[in-house]
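Here are a few notes to read with the structure open beside you. Take the points one at a time and find each residue as you go.

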Amino acid sequence: MRINSLNEMRDFAFDFAKKLRPGQVINLVGDMGAGKTTFVSFVGEYLEVSDTSSPTFAIVNIYNVKDFDIYHLDLYRFENEDDILDIDFETYFYPEDAITFIEWADRAKSYLPDDMIEVRIEKINENTRDISII
Ligand SMILES: Nc1ncnc2c1ncn2[C@@H]1O[C@H](COP(=O)(O)OP(=O)(O)OP(=O)(O)O)[C@@H](O)[C@H]1O
Ligand SMILES: [Mg+2]
């Protein structure tokens, strides 16, 4: 669907956040600047993040929300897929009391879980995005 502003993106992310359940893994697909991090920030806003930590600087951020945690991974800097072995990836790819969002998940393609929700964001112009959930 077509999103015309940051406000509309917030509404969309809030609606998405309402339906989230622990155990889900969300694969965020889109070019640099598409809005992947922005989308996760809005989800965090809806779920009222109370605390954040970063066990692996620049790769994993953890946000505490009311009933579970959010794991937010950004694999952009990986040079090869086995870089994933340096982090506790099973915790993040098979979350129990948590929900995982992954940016640039294809950097660790062979290690990804089978069932992910794919959120595709495409930049159309400065404030306009096409977003689809697969
Ligand atoms: N409708 C919109 N939805 C999302 N972001 C928007 C929108 N309009 C403008 N923006 C801006 O686009 C930028 C998106 O940047 P963001 O860091 O979220 O991208 P990203 O997909 O995470 O990129 P990267 O792959 O580099 O991490 C932000 O500056 C945001 O404010
Ligand atoms: Mg990002």
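1. Start with Asp86, which sits in the loop between β5 (69–74) and α3 (89–93). Please keep in mind throughout that this is a predicted model. Is Asp86 buried or exposed? Its relative accessible area is 67%, and the cut-off for exposed is over 50%, so Asp86 counts as exposed. For a sense of distance, try Ala58 as well: 28 residues separate Asp86 and Ala58 along the chain, and their C-alpha atoms are 13 Å apart.

2. Now find the magnesium ion (ligand 2). Which protein atoms are its donors? They are OG1 of Thr37 and OE of Glu103, at 2.0 to 2.2 Å from the ion. Thr37 belongs to helix α2 (residues 36–47) and Glu103 to strand β6 (residues 98–103), so this pair ties together parts that lie 66 residues apart in sequence.

3. The two donor residues are worth a second look. Thr37 has 41% relative accessibility and counts as partly exposed, whereas Glu103, at 3%, counts as buried. The reasoning is short: buried means under 20%, and partly exposed covers the range from there up to 50%.

4. Next comes strand β2 (residues 25–29), which is mostly covered, with 4 of its 5 residues buried. What does β2 pair with? One partner is β6, in the parallel sense over 4 bridges, and there Ile26 stands opposite Phe101. Another is strand β7 (residues 117–125), again parallel and over 4 bridges; in β7, Ile117 is the bridge partner of Ile26. As background for looking at strands, side chains in a regular strand alternate between the two faces of the sheet.

5. Helix α1 (residues 6–18) makes a nice exercise in checking a length. How far should its 13 residues span? At 1.5 Å a residue the expected value is 18 Å, and the C-alpha atoms at the ends are 18 Å apart, which agrees.

6. Stay with α1 and look at its sides. Its buried residues are Met9, Phe12, Ala13, Phe16 and Ala17. Viewed down the helix axis, they fall within an arc of 135°, so they line one face of α1. A general rule helps here: an α-helix has 3.6 residues a turn, so residues three or four places apart point the same way. On the other side of α1, Asn7 and Asp11 are exposed.

7. Finally, what covers the buried residues of α1? The covering elements include β1 (2–3), β2, α2, β6, β7 and β8 (128–133). You have already met β6 as the strand that holds Glu103.

How values were computed. Residues numbered from 1 in each chain as written. Chains lettered and ligands numbered in written order. Predicted model: local features only at pLDDT ≥ 70, side-chain atom pairs only at ≥ 80, totals over all residues. Heavy atoms only, no water. Donors = N, O, S within 2.8 Å, 3.2 Å for Na, K, Ca; no water. Helix = DSSP H or I, 4+ residues; strand = E, 2+ residues; numbered from the N terminus. Buried < 20%, exposed > 50% of the residue type's maximum accessible area, 1.4 Å probe, protein only. Pairing = 2+ DSSP bridges. Expected span 1.5 Å × (residues − 1). Arc of directions from axis to C-beta. Contact = heavy atoms within 4.5 Å.
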